[in-house]
Amino acid sequence: MQATQARRRSPARRFRRWLAWLLIPAVLGIAGLALWNSDWLKAPRAMWELSRMPPPTSLPVPVEGVAARRIADTFGAPRGRDRTHAGIDIFAKRGTPVVSATAGVVVAVRDTGLGGRQVWVVGPARERYYYAHLEDWRANMVEGEVVQEGTVLGYVGDSGNAAGTPPHLHWGIYGANGAYDPLPLLRAPRTTNGRALPGR
């Protein structure tokens, strides 16, 4: 009985138990950190970073070589009998690269509806950026891809209901309250409020 109590109270046994209580959380913490920083969780990690960013106060034109002063403000203009223009049209030569205006995560790459070939990107403050009427997408682009400002998404075209019109990008931004006019952001002086996302 006394020998059993001595073993139970031995300093070596208490030290091993104390060490185990320290090591187990440390090992779990290191494993969790490694998983969080893995390529497998790149998109969720980027989404978390984006949710912490403020909405941008200025943006670059998402079509290479086009100046903001050349873009007409057609946001809200009538389109057909029952809808209005929920973005702006940026005209350029067919095949001109279309680039992401922000850091973000590609959440949809599809060919459907009025927009034809289109890409949706979730950007800062989890606002959604819509790039439509593309001629084609960049090769190997996939949903879940983390992009930076300036990453090529596709090329100017006339797909969807723009078929037969001069090639252009229909570009829209959707915030918490729906679509809003993106042109003032293109015309605003450029700032450095955007950040590159980690893991690229």
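The largest pocket in this predicted model has a volume of about 320 Å³. Its lining comprises 17 residues, and those closest to the centre of the pocket are Arg-83, His-85, His-133, Asn-161 and His-170. By residue class, the lining divides into seven nonpolar, seven polar and three charged residues.

Which strands supply at least two residues each of that lining? They are E2, spanning 83–84, together with E3, E7 and E11. Of the elements concerned, E11 gives the most, with three residues.

Let me now turn to the nonpolar interior. The largest nonpolar core has 27 residues. Within this core, the residues with the most contacts are Val-63, Ile-90, Tyr-131, Trp-171 and Leu-186. At least two core residues come from each of the following elements: strand E3 at 88–91, strand E6 at 116–122, strand E7 at 128–132, strand E10 at 152–156, strand E11 at 168–175, and helix H4 at 183–187. I would draw your attention to E3, E7 and E11, each of which supplies at least two residues to this core and at least two to the lining of the largest pocket. There is also a second, separate core of seven residues, including Met-47, Met-53, Val-105 and Val-146.

I should like to dwell on one polar residue, Gln-118, which lies in strand E6. Is Gln-118 buried or exposed? Its relative accessibility is 4%, and the threshold for burial is under 20%, so Gln-118 counts as buried.

What, then, does the side chain of Gln-118 reach at 2.9 Å? The partner is the backbone oxygen of Thr-112. The side chain of Gln-118 also makes a polar contact with the side chain of Trp-120, at 3.1 Å.

The wider surroundings of Gln-118 can be described as well. Setting aside neighbours within four places in sequence, Gln-118 is in contact with Ala-108, Val-109, Arg-110, Thr-112, Tyr-130, Tyr-131, Ala-132, Leu-134 and Trp-137. One of these contacts, Tyr-131, has already appeared among the residues with the most contacts inside the largest nonpolar core.

Finally, a word on the protein as a whole. There are four helices and twelve strands. Of the 200 residues, 40% count as buried. Among contacts with a separation of 6 or more, 66% are accounted for by residues 24 or more positions apart.

Methods:
Residues are numbered from 1 along each chain as its sequence is written. This is a predicted model: local features need pLDDT of at least 70, side-chain atom pairs count only at pLDDT 80 or more; totals for chains, interfaces and linings use all residues. Side-chain values use heavy atoms; hydrogens and water are left out. A nonpolar core is a set of buried Ala, Val, Leu, Ile, Met, Phe, Trp, Tyr and Cys residues joined through side-chain atoms within 4.5 Å. Buried means under 20% relative accessible area, exposed over 50%, partly exposed in between (1.4 Å probe, protein chains only). A polar contact is a pair of N or O atoms within 3.5 Å; within protein, one must be able to donate a hydrogen and the other to accept it, and residues adjacent in sequence count only if both atoms are side-chain atoms. Contact means heavy atoms within 4.5 Å. On a 1 Å grid over the protein atoms alone, a cavity is a set of points where a 1.4 Å probe fits but cannot get out, and a pocket is an open set with protein on both sides within 12 Å along at least five of seven lines; lining residues have an atom within 4 Å of a point. Grid points are joined across faces, edges and corners, and a volume is the space filled by probe spheres set on the points. Ala, Val, Leu, Ile, Met, Phe, Trp, Tyr, Cys and Pro count as nonpolar, Asp, Glu, Lys and Arg as charged, and the others, Gly among them, as polar.
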